[in-house]
Amino acid sequence: MPAKTYVQTTINGEHVDFLCEPRQSLLECLRDEIGLTGTKEGCNDGNCGACTVNIDGRIVTSCLVLGVEAEGADIETIEGVADGSNLHPLQLAFLENAALQCGICTPGFIISSKALLEQNPNPSEHEIRFWLANNLCRCTGYDKIVRAVQDAAKRLQEA
Amino acid sequence: MKWIDFEKPKTVEDAVKLLSDSGGNARPMAGGTDLIVQLRVGDPRVNADVVVDIKSIPELNELSYSSSKGLTIGAAVECYKIYGDANVNSHFSALNDSATLIGGTQIQGRASFGGNLCNAAPSGDSIPNMIAHGAVATIAGPSGTREVPVEDICTGPRQTLIGDDELLVSINFPSNGSGFGANYIRFIPRNEMDIAVAGVGASVTIEDGKFTSAKVSLASVAPTPLLVKEAGESLVGETVSEEAIQNAANLAKAAAKPISDMRGTADYRKHLCDVLTRRALNTAVERAQGAS
Amino acid sequence: MTTADYERNMVLATDTDYKVIGTRPVRHDGADKVTGRAIYGADFDAAGLLHGKILRSPHAHAKIISIDTSKAEKLDGVKAVVTSKDFPQSESRKDQWLKDNILASDKALYAGQAIAGVAASNPHVAESALGLIEVEYEVLPPVLTTQEAMASNASILHDSLTTEELGEDTGVVSNVASHSQHVKGDISKGFEDADVIIEREYNTKTVHQGYIEPHNATALWSPDGRLHVWCSTQGSFVVRDSLAELLDLPVSMVRVTPTEIGGGFGGKIPIYVEPVAALLSRKTGAPVKIVMSRRETFEASGPTPGSQIKIKIGAKHDGTLTAAYAWMAMEAGAYPGSPVGAAVQCVFSTYDVENSTIDGFDVVVNKPKTAAYRAPGAPNAAFGAEQAINELAEKLGMDPIELRLKNVAKEGTRRPDGPVFGKIGAKEVLEAMRDHPHYQSDKAEGTGRGVSIGFWFNIGFDSACNIAVNKDGSVNLTEGSTDIGGSRTSIAMHAAEVLGIPVEDVRPSVVDTDTIGFTAVTGGSRTTFATGWAAYEAAQDVKKQCIERAAKIWDVDANGLQMEDGVISSKSDSELRMTFKELAEQLSDTGGGISGSASVNPSGVGGSFAGNIADVSVDPETGKTTVERFTCVQDVGKAIHPSYVEGQMQGGSVQGIGWALNEEYFMNDEGTMTNSSLLDYRMPTSLDLPMIDTVIVEVANPGHPFGVRGVGEANIVPPTPTIANAIYDATGKRMTQLPMSPGAILSVSPE
Amino acid sequence: MALVFIPSLMQNLSNGEQRVSVEGANVRQIIDNLDSMFPGFKNRLVEDGRVKPNISVAIDGEITPLGMIEKVTEDSEVHFLPAISGG
């Protein structure tokens, strides 16, 4: 079998290097090679958003990125959202608004919502729904998720 | 997924060499939102051993505008850069109709018009829009570059006239005069994350209340995105009116040759061509009149 | 009144005399789930882990002539290949069907059915090996609908299948696995007495639960013969018992550790990949993990059936229902077991009708074997019956809610299937709908409004719970109900209420099958009801022991002591007073720790009614429906944690909206699903929905200590007819088929 | 005596009787006595000494989890129904 590729990245602010096959997605690399299993696989074709990560300031579905493409990239995953033992306002808002049931889609929603609030601190309900349309949730009907994002926006603005 | 090799050339020349050296087994990749899925499911139409990541090539990342040269969008420029670009917003705002429709937010972080064109899906949401704008593709190959109107690129489902040893470099949109307006709309059962059941790109130029030029292009109703010349031509010289627009919509509907599948029946798709052409032209007219 | 003028999530509470019940604490597993730390099935890892993949039939109906795995076995990196031959001999036809649905033996009965499994060091290698397995098929014509399957010349799926009628084998070889029937009164006389009769046929398509996490399992079959499986399941004990049966093992040799689970809605009750992982582990001696792809999840798990439903109802001019008839045929999929039996019991349960006859048919077709999905069968039935009721209201010139109230079932009403209802909340739900600001408001220009109501029984079954008291006065609670939507917190709240301590002082854990008593599935809306009940009983056990211990410490008669709000005190001597915390500190020195336990199988299950009000607009040119406003009202008995109760109501409503508008298995003529992706199986996105308003109605269930009924399912029953009734109101088109997709709406003419 | 409601699909065994009064203090006795009045019932309802898994017994409107040992009173109603579970 041909050789694996050596990839150097920054993940959640830490230098991380790993070996991968070119056919492995970034999602596989995060989960199977690096052990960051907070990023989830729901469809493996970019339609559910459970594998959303932030690369260089832009959210993408990591199932549609090759691991080898991560060379030199700055990646944020769900494991890097909290500040040590202090949860991010979005994480608190999700908990206090009961915005998760099974929780499998939650990491993707939090990564996506965080990117939204970073570029639009006070989004309308429609803007939230549009931004999050690439993240599927089957449990909640989205109501409490949208409210949690609105709540987090308020918390972030007050902070 | 079967084994692939990964290359990341820095120049157009290196990319073309990689493509031509591979004997048809290499595929350029921009955002990969179609290609990676196709490789993963073993799509027989995409039998690549080598993936050539073209995102490090400067020409493919170009996003520039001048009134003389028009707008140039490099083949790898992601959708979010398109709708975030000041020049696009002031001179080619209708391109955002497509850039904000392709996939969702995450997909728009990777997907490009160039990739959408090379993927050549009948439903590609940027292609009818590019056709309606009269866009021209620049393609590099072993023997130099050539320019091809976008409407001629797609030759069948997932088939283009871009050779295995060629690379789409950029897409150029000529500057529009005053009185220009365009629009792309598609019909999907949901409001996001769907493949067009039918889509229509339309552009018009209006002077003194009359159409001086017009284009209508369709998605998802033929083996390729379709320029309906007769629909656009029917408007030229006509006074802007509901009748003229309905006539063009009728011609678009007549030109559609859709199939029935899980996304809609052929009859429904033809019907949608009428509805969407009318709506797209009306929006294009509004924009043209707002711009003039 | 505008939407901003009222509380969007109302609780019509009947009993508020609780400290913990009815509050909204942060869930105990919350931090793990918002930080990515929670371990779901696919996240599980073990030293030396191998990856399994499954070869699946491309044909919907074919004889399997031969399977040659030799080339695959020789591929570098492949460690083992298994087929149905690796299963022990079957003892019965039913046993064989179970196995065939895991790995087909002589026949493939749906496209996607598993044929062989491969374990390799790398998932990509395992996948490549699948392409090297050679299977020879003799392709047979597929049977895809109940209409085709019940036709006299139908291709027969199972030569040995004969129609059963409530325990009796009719001996007739057929695709009809069973016929069920309920008769009450005299249906002919009922229709003779009717002034107005409505009669229609309705058809629905196969739909999927759509959980975001695909099926998964890791198995390790140790050299000592013990099998340990880690998987995402709604019922770890079901997995354990099924594995023991299929693999011919003593139950004690199988241990199932349920991981966190990413949704199920009924679909993660059956087993699929677990036995294949187990067989591959036995062959390799290594742990083997199998994770389904999204396509496999659609094509090879258990959706809920397509169905054909005929409804005929009659009423007098004053609105009194005189007769109700239903005929329902439901697709079981490849092996018997559609939810038609439940559908026939639910279809007219909301109403007090003197004369009714209901027939149900369980029909095998060449599609994946159906599994449970939220109130299985009831939404299909309601799609027909609740449209017919609205049609009747229109003909009678009555308000559709008033017509329902006139005929509503109450305590003492004899159900169409025979038994008499206990305390139920159908009337209260309808009244809350009628009085809701949504129903009282004027419709917006161009919109249509629909209403309907639905019923689900809910179930009881076995649950177990242990509670151990820690020396700081906190308690550890262990239970066996896999937590699919916050249930461990609602269960912990039962214990906290009884012990009079904060819910934060209860640390609940869902544990493996070696560690807790038998607990049935997380399904049937039973978890908060039954496992909550077990927690209540276990806490009572702790409470009793605390009182006894205090009596021992104080040297008084335990009968003179009480424990309330976390304080043990004497009924007669105000000096004798000790908090639960103070007692906990002394346990070790006064006779040892205290732990309580309970195993229950409660009766007293309370059925739940849910109703909807929906406003929709329909684009007259494209047929596309937009849900403008949606209200869900449900009688839940008692909302233990109202936020998660609202979440169930909202989630069930939205699944129902998806089912109503776009979701379907689109099958080609060969019987292959052509839309097995989340792109083309169109579940609602956030952009397709409004906020979902809720009204929690609490008609306490006298069968539960806190009045709980269960909330997970009834809410998916009314959305499809509600949307259909709203579309009718907006367009004049009576939609008798699901989904009511844009093209379908455009193709129907107004009445 | 308890009142047993005979399901329509079993009324061929009860000569068309829809409701039958049966002696018995628990479900086992009810089924035994029903079977002696109308032979065949036990075969339809019982397997290996237990109520068949696809059948539920409802006493006075409630599905019983106790099966054959559930108590039945003089004025009880007894129903035999298809078993249901849920999602």
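In what order do the strands of the open sheet in chain C run? Select chain C of this predicted model and follow β4-β6-β2-β15-β12-β13-β14, seven strands whose pairing is mixed; two strands count as paired if DSSP finds at least two bridges between them, and the element names refer to DSSP runs numbered from the N terminus, helices being H or I over at least four residues and strands E over at least two.

Before going further, note that residues are numbered from 1 along each chain as its sequence is written, while chains are lettered from A and ligands numbered from 1 in the order in which they are written. Because the model is predicted, local features need pLDDT of at least 70 and side-chain atom pairs count only at pLDDT 80 or more, whereas totals for chains, interfaces and linings use all residues.

**The sheet of chain C**

Colour β4 (78–83) and β14 (254–258) of chain C next: these strands stand at the edges with a single partner strand each, so one side of each is left without a neighbour in the sheet. Neighbouring strands are turned by 25° against each other on average, direction ignored, with axes taken as lines fitted to C-alpha atoms (for helices over the stretch in contact) and angles running from 0 to 180 degrees between N-to-C directions.

Now select β2 (50–56) and β6 (114–120) of chain C, which pair in the antiparallel sense over six bridges; in β6(C), C:V118 is the bridge partner of C:K53.

**Helices on the sheet**

Add helix α4 (123–130) of chain C, which packs on the sheet, touches β2, β4 and β6 of chain C, and makes about 25° with the direction of β2(C); contact here requires C-beta atoms, placed from the backbone, to lie within 7 Å. Helix α8 (274–284) of chain C also packs on the sheet, its contacts including β12 (216–221), β13 (227–231) and β15 (288–291) of chain C, and its direction makes about 30° with that of β12(C).

**Two domains of chain C**

Colour domain 1 (42–140 + 214–261 + 268–297) and domain 2 (463–600) of chain C separately; the bounds come from an automatic or database domain assignment. Their C-alpha centres lie 41 Å apart, and 13 residues of domain 1 of chain C are in contact with 13 residues of domain 2 of chain C. On the domain 1 side, the elements that give two or more residues are α7 (236–246) and β14 of chain C.

**Across to chain A**

Finally, show chains A and C together, where the contact takes 43 residues from each chain. On the chain A side, α2(A) gives the most, with four residues.

Terms used
Two residues are in contact if their C-beta atoms, placed from the backbone, lie within 7 Å.
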